[in-house]
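Here is a short report on a two-chain model. Look at the structure first, then read on.

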Amino acid sequence: MNSSLEKHSPKLMVLPVFIVLLLISLVPLIYVLGISFTQSTLSKPFNDFIWFENYKKAFTDEIFGASLVNTLLFAFIVTTIQTFLGFVLAFAMQKERKLSGLFRTLALLPLFTPPVAVAMIWRLIYDPNSGFLNYYMRQFGIFEKSVAFLGDPKLAFPAIMFADIWQWTPFCFLLCLAALQSLPRDPYEAAAVDGASAWQVFRRLTLPMVAPQVLVVFLFRFLIALKVFDLVYMLTFGGPGNSTQVASFYIYRVGFKQFNIGYAGALSILVLILISVLATGLTKGRDFLLRKLE
Amino acid sequence: MKKLSVVLSLLIVVSMLLAACGQATPAPSTGGPAATEAPAATEAPAGKPYEGQTLNFLTIQPHNVAAQNLADWFKEETGATVNLIVVPYDNVIEKAVLDVTSGAAQIDVVEYWYPGLGTLVENNVLENLDEWWKSKEAELKFDDFFEDYRDVLTTIDGKKYGIPYDGDMHLLWYNKELFAKHNVQAPTTWDEYLQVCKTITEAEKGNDVYGCAIMGAKIPLILIGTFLNRLGSYGGTFLDADGKPVINSPEAVAALDALVAELPYALPTPSAVAFDEALGGWFTGKVGMVEFWTDLGAMTDAPDASVIGGKWGVVALPKGSGPKAKVVASLNAGFGMGVSTTAPNKELAYKFIEFVARPDIALRYNTVVGGIDPVRKSTLEDPTFIKFAGEELVAAIKEGHKNLAPWPTDALWFKLQEPLTDNLSLALTGAKTPKQALDDTQAAWEKIIAENK
């Protein structure tokens, strides 16, 4: 009896954690999966089992297709720029000791700002009639007349991207700075003794050593960026036209504006699958890149 | 593999059971239960009979001041505390539905945007008030409500689910100073509107002053409202008398053509202009005309609110052209107030809507700045209101009531308004022609209606 208990005790001890994880992650997921096979509304969950009809509809839904393309473009562009800028800033700051505290505090400010407030700030900045961006652009003669950044289909998405870059570059900067400052000093001392140039030190030492962490930063940020919602909701509501329609916002519209919860569930599952495939691909890509750098 | 299937099946069953436990959807309410639960029409006991009790009132952010006034006045009279649950105006329907369907059941009284009334009724969010209306009709003078508001703000399939609270029709506001400067008159047709807008914009080139502000941001309430201002006046409608879509009718296409033609002369850029942007232009004297609700005069004249206090004029919306053209007032927005089926304090909730429905309270909340527009005929005739709003506004409101153009209130409307919003936005940006945008909307609507038969 005692030996049996002893044998199973590790599993028993893990059981509470397993149950909690099950409840907080798997159950909602399975709920969404279940509901995606139905014609549910908010008041009638699990209404009319229709198998894969919602999924079939999703594959012919042009707005959903366009929103996925927009989402991927958004995530890739902002993440690339944020990681690059974050790394460049961190590299420039890594040896700065006196002001590093101040820089880190300043970098934290956009991160501390609630996303809705960030969106409001940028909405005011972009305003064609009273925003300071238009004001100074006209003062300096760069614009002849006011530009409606959020009202022009060609400019609205870049405008949202810019706001996102402003908010999230500090995140990449801080993580890259931490990665750079944690690198061992010995290889650099050896390189100095050998007379290596600054470029050689960067290319042969810094980059290979810091690349794993920077790629993790890219991966994290990419996955977060795929879920962009707040800036689109506050700045453009997916417009003008469908030029800033992204997957999260479209799913919100289907679920909470049209109350079509079953279809919203199917769209959510499809986005989840897409993100999982991308995350796996990026992880494999990261391993490949690291091997190359070595 | 077999084990995995068993585990997954069990998990699905568990999650569905948990979901079922979370559903606290009440049975559809009928006139009967509501009537028995509604307090009798008796005189309130002396003192403050509801002292110590609380009521949760779901309201929208633009009506926050008005709601706080109601809360204060109600507390003065009954002793009850009203907690405001304030949400953005475009989230109020989903918040009310979720409160009931999720089982949260925190809200007693719902202030609802009337196009969402069908959705609220379909989801059993609101108590049926038929019996309550009958019992209170004489005492609260329901025949004093404007007939058009009395039905469209409260009624689905002939049954009452709320009281009229905010009569939000659009009128055309103009800046008298700018009009005098450019020697133009308030337009009576959309063709004249275009000419006036063009005249001012071109004459003020380089001064950041524009003939008109057109709200075209891609938000259903805003964009469809702006379109309906033209659609109704050209004689078009969203649906015909049988509920069939007629959104690509010649009148509708002409209305959207007119809207698109006005865009180049409007405050830049209509696709990004929502309330804040339009009001910013209006208050700073940078726009000549704006289509807005009837409380704009009071907002403009409020101390330090604008540079054009007392310098505005208001008329009914311009008329379209063509055989069906007429002067209309679009009921863009408009709010009713109802009792939640899962109200924690139902008796107090009924007391609160009774309080709000009283003619004296209506006059009180219509004569302070708070964004609430008159729903009672007596308010419009009252000298206090005429002094507060001005005779010009009162005349424009009366003109508007001759032909009110409301939004549909059917439960399907929330599904229908999304493709319309998308396509209008595409037409405004030039990605689709007006005809193409409305043809695509018609096709989308026919599909949605067929799917939901």
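## Helix H15 of chain B

This is a predicted model. Start with helix H15 of chain B, residues 359-366. Ala362(B), Tyr365(B) and Asn366(B) are its buried residues. They lie on the same side of H15(B), because they cover an arc of only 100° around the axis. The general geometry fits this: an α-helix has 3.6 residues a turn, so residues three or four places apart point the same way.

What do the buried residues of H15(B) pack against? Three helices of chain B: H3 (64-78), H16 (377-381) and H17.

## Helix H11 of chain B

Helix H11 of chain B covers residues 250-262, 13 residues in total. From first C-alpha to last it reaches 19 Å. That is close to the 18 Å expected at 1.5 Å a residue.

Which residues of H11(B) are buried? They are Glu251(B), Ala252(B), Val253(B), Ala254(B), Ala255(B), Leu256(B), Ala258(B), Leu259(B) and Glu262(B). The cover over them includes helix H9 (190-203), strand S8 (210-213) and helix H10 (220-231) of chain B. H19 and helix H20 (434-451) of chain B are also part of that cover.

## Chain B as a whole

Chain B contains 20 helices and 13 strands. Of its 453 residues, 52% are buried. Take the contacts in chain B with a separation of 6 or more: 76% of them are between residues 24 or more positions apart.

## Two domains in chain B

Chain B splits into two domains, each made of two segments. Domain 1 takes 28-168 and 333-405. Domain 2 takes 170-330 and 412-451. The centres of these domains of chain B, taken over C-alpha atoms, are 28 Å apart.

Where the domains of chain B meet, 24 residues of domain 1 are in contact with 23 residues of domain 2. On the domain 1 side, helix H5 (117-122), helix H17 (383-389), helix H18 (391-400) and strand S13 (404-405) of chain B each supply at least two residues. H18(B) gives the largest share of that side, six residues. By class, the domain 1 side has 11 nonpolar, eight polar and five charged residues.

## Chain A

Chain A has 12 helices and zero strands. Read from the N terminus on, its elements are α throughout. Buried residues account for 37% of its 294 residues. Among contacts in chain A between residues at least 6 apart in sequence, 71% join residues at least 24 apart.

How does the radius of gyration of chain A stand against that of a compact globule of 294 residues? Chain A has 24 Å, whereas the globule would be near 19 Å. The C-alpha trace of chain A spans about 80 × 75 × 35 Å along its principal axes.

## Where the chains meet

The contact between the chains takes 39 residues from chain B and 32 residues from chain A. On the chain B side, four helices each supply at least two residues: H1 (2-22), H4 (92-101), H12 (275-283) and H19 (413-429). Which of them gives the largest share? H19(B) does, with eight residues.

By class, the side of chain B that touches chain A has 18 nonpolar, 13 polar and eight charged residues. H19(B) thus appears in two places: it helps cover the buried residues of H11(B), and it supplies residues to the side that touches chain A.

Key
Residues numbered from 1 in each chain as written. Chains lettered and ligands numbered in written order. Predicted model: local features only at pLDDT ≥ 70, side-chain atom pairs only at ≥ 80, totals over all residues. Domains from an automatic or database assignment. Contact = placed C-beta atoms within 7 Å. Nonpolar A, V, L, I, M, F, W, Y, C, P; charged D, E, K, R; others polar. Buried ≥ 20, exposed ≤ 12 C-beta atoms within 10 Å, placed from the backbone. Arc of directions from axis to C-beta. Expected span 1.5 Å × (residues − 1). Rg over C-alpha atoms; globule rule 2.2 N^0.38 Å.
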